[in-house]
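Student: I should like to understand how the terms used for a protein structure are justified. May we work through some of them?

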Amino acid sequence: MTAHRKLLSGNHAVSYGVMLAKPKVIPVYPITPQTPILEKITELQTAGELDADIMTAESEHSAMAACITASLTGVRVFTATASQGLMLMHEMLHYASGARAPIIMANVNRTIGSPWAFWPDQTDSLAQRDCGWIQYYCETGQESLDTVIQAFKVAEQVMLPAMVIHEAFYVSHSVEPVEIPGQETVDEYLPPFTPEHRLDPAIGESWGNVVNQEMYYRHRQDMGRAMEHVCDLAQKADQAWQELTGRGYGIMEEYCCDDAKVVLATMGGLAGTAREAVDILRQKGLKVGLLKVKLFRPFPVFQVRKILSAIPKVIVMDRNYAPGTGGFLHQEIKAALYGLANSPEVHGYLVGVGGVNVSPENIMDLVNRAMAETAFPESVWVG
Amino acid sequence: MLEIRFQGRGGQGAQTAGYILAEAFFQTGKYVQAFSTYGGARRGTPVSTFIRVDDKPIRLRCDIEKPNVVVCFDPSLLTGNVLNGADENTIVLINSQKSREYFREYGNFKLYTIDGLDIARKNNLGRIVNSALIGAFAKLLNAPELKVVEQVVEELSPVKKAENIRACQDGYLQVAGA
């Protein structure tokens with residue numbers, strides 16, 4: 001089918017991205033607010049649009065274990081989860097990256113219990129930032145669809161798994177016009193997955209044997225080297241996608257940053273609302289810009305230093321929180337800017353934690369507040 | 001930009017109604033965004049559905065704090081925050097057999113009522129009032145075009161398509177105060 005536009009929720013947009021990428025194995029376990037992804041994938045399979053084995057597991061831990069073993073046989077693998085499900089997978093997340101299994105997983109950001117809730121909060125996936133997975137944060141359903149396809153391309157080049165992440169409700173359940181690319185376009189962009197090594201009795205390779213200290217050391221170093229290529233490869237993958245479809249996002253996006261005196265920095269859906277705030281403040285004569293961080297792992301340190309080096313003030317908005325640490329993006333941006341001559345003053349505000357609503361007015365208030373105060377080293381609760 | 005809030009309880013069809021309305025606006029060439037928030041997919045818990053309609057792509061990812069329209073599926077929700085941000089310019093449509101005057105105490109709005117339950121029952125739809133409310137909405141806003149709404153109701157109703165279309169037409173004709 002050729003490219004066509006229809007109204008889709010963010011979750012269903014992901015499902016169509018998956019269909020077009022043609023994975024062969026999809027181990028699943030349902031959880032709110034991710035379940036519509038799997039429901040639509042199952043519908044597409046039943047309708048004959050997707051030729052994949054869908055395996056229902058008894059837990060997310062088992063679903064991820066099945067993803068790893070399936071991926072090691074050399075086939076393309078997808079799964080999706082959220083919140084508690086991601087928590088239960090934690091052990092297997094490390095195993096997947098260590099086994100160099102380029103699984104793509106969608107995660108729908110949702111608060112982690114206790115207390116029990118269903119609201120958009122990015123702490124679930126950000127707490128997995130050190131598991132060796134590539135992490136993309138998306139603002140719209142269209143971006144999530146496009147990013148699933150890009151993620152397969154990047155992950156399979158470096159043999160590392162990748163998460164494509166969007167927030168509960170504001171993106172996952174938001175129905176919007178989405179363009180579904182044509183299959184020929186995706187086939188042209190994403191070649192079949194044919195890894196050099198795979199588990200196949202006919203070849204006689206294996207994975208999972210015990211190693212000594214030096215072998216483990218070298219293995220971790222190799223993972224790091226693979227990760228070092230990701231920023232560049234992700235940038236190229238996005239450019240190639242843009243050439244084919246007209247849609248590109250970069251690994252981070254600068255919005256009105258050229259002459260900016262103050263730059264807002266955030267991830268995911270908040271970036272959309274921040275665009276409105278930037279436009280209104282610009283009309284009032286304030287030179288504000290927005291830095292949308294899309295690729296969070298690996299963190300694009302050099303790009304961040306380049307973009308923010310001439311900016312006097314940076315305001316980081318985190319819809320996530322680690323007690324004892326603060327906002328994840330605030331922490332990462334401060335670390336990225338360390339040692340830079342003329343480093344900007346970095347304000348970190350905790351907004352929207354627990355899914356609390358963040359309006360353009362809230363963001364404008366934040367800018368006014370930051371203009372009037374000196375940045376604190378720690379993240380500050382707002383609202 | 002037109003900003004609309006549907007307030008109902010899980011199982012009443014407020015979410016589906018929001019999506020039907022979004023699809024109808026989309027089919028008339030508008031940019032739309034519709035999403036729901038709820039505390040777990042359970043019957044009876046409050047569900048808010050937010051719909052934005054505009055002539056250009058919609059970038060906001062936040063709740064609607066100052067709605068142009070509030071559609072309330074269940075008057076028992078009116079004691080909560082259902083009317084937050086509504087003012088004298090806000091169209092408030094309440095699903096109730098009671099008259100508009102009964103709800104005056106809640107504030108100064110452009111108030112309308114529709115007996116969605118009566119319409120649903122007469123059309124063999126039990127307690128599912130969403131088609132009637134969508135019809136009433138189309139009348140009050142003069143958009144989307146009733147013909148398009150009927151078409152989308154037919155496309156998206158999983159069962160009882162003819163009954164839902166009739167309920168939609170009845171809602172269009174019977175909304176009180178229009």
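Student: Which residues lie nearest the centre of the second largest pocket?

Tutor: In this predicted model, A:Gly98, A:Ala99, A:Arg100, A:Trp207 and A:His219 lie nearest the centre of that pocket, and 28 residues line the pocket in total. The space in the second largest pocket is about 900 Å³.

Student: What makes a residue part of the lining?

Tutor: A lining residue has an atom within 4 Å of a point of the pocket. Three helices of chain A, namely α3 (60–72), α4 (83–98) and α8 (213–228), each supply at least two residues of this lining. The most comes from α8(A), with six residues.

Student: How many residues of each class does the lining of the second largest pocket have?

Tutor: The lining has 13 nonpolar, eight polar and seven charged residues. Gly counts as polar in this scheme.

Student: Why are α1(A) and α2(A) called oblique to each other?

Tutor: The axes of α1 (residues 10–21) and α2 (residues 35–46) of chain A cross at roughly 45 degrees and come within 8 Å. Angles under 35 degrees count as roughly parallel, and 65 to 115 as roughly perpendicular. The angle of roughly 45 degrees fits neither range, so the two helices are oblique to each other. The crossing of α1(A) with α2(A) is right-handed.

Student: Which residues make the contact between α1(A) and α2(A)?

Tutor: Those of α1(A) include A:Val14, A:Tyr16 and A:Val18, while those of α2(A) include A:Ile37, A:Lys40 and A:Leu44. By class, this contact has eight nonpolar, three polar and one charged residues.

Student: What makes α1(B) oblique to α4(B)?

Tutor: The axes of α1 (residues 14–27) and α4 (residues 146–156) of chain B cross at roughly 125 degrees and come within 9 Å. Perpendicular ends at 115 degrees, and roughly antiparallel requires over 145. The angle of roughly 125 degrees therefore makes α1(B) oblique to α4(B).

Student: How do you know that α1(B) and α4(B) are in contact?

Tutor: Contact means heavy atoms within 4.5 Å. B:Ile20, B:Glu23, B:Ala24 and B:Gln27 in α1(B) meet residues of α4(B), among them B:Val148, B:Val152 and B:Leu156. The contact has seven nonpolar, two polar and two charged residues.

Student: Why is α1(B) called oblique to α3(B)?

Tutor: The axes of α1(B) and α3 (residues 130–141) of chain B cross at roughly 40 degrees. Roughly parallel requires an angle under 35 degrees, so α1(B) is oblique to α3(B). Their contact has six nonpolar, two polar and no charged residues.

Key. Residues are numbered from 1 along each chain as its sequence is written. Chains are lettered from A and ligands numbered from 1 in the order in which they are written. This is a predicted model: local features need pLDDT of at least 70, side-chain atom pairs count only at pLDDT 80 or more; totals for chains, interfaces and linings use all residues. Side-chain values use heavy atoms; hydrogens and water are left out. Axes are lines fitted to C-alpha atoms, for helices over the stretch in contact, and angles run from 0 to 180 degrees between N-to-C directions. Helices (H or I, at least four residues) and strands (E, at least two) are DSSP runs, numbered from the N terminus. A crossing is left-handed if the near helix is turned anticlockwise from the far one by less than a right angle, and right-handed if clockwise. On a 1 Å grid over the protein atoms alone, a cavity is a set of points where a 1.4 Å probe fits but cannot get out, and a pocket is an open set with protein on both sides within 12 Å along at least five of seven lines; lining residues have an atom within 4 Å of a point. Grid points are joined across faces, edges and corners, and a volume is the space filled by probe spheres set on the points.
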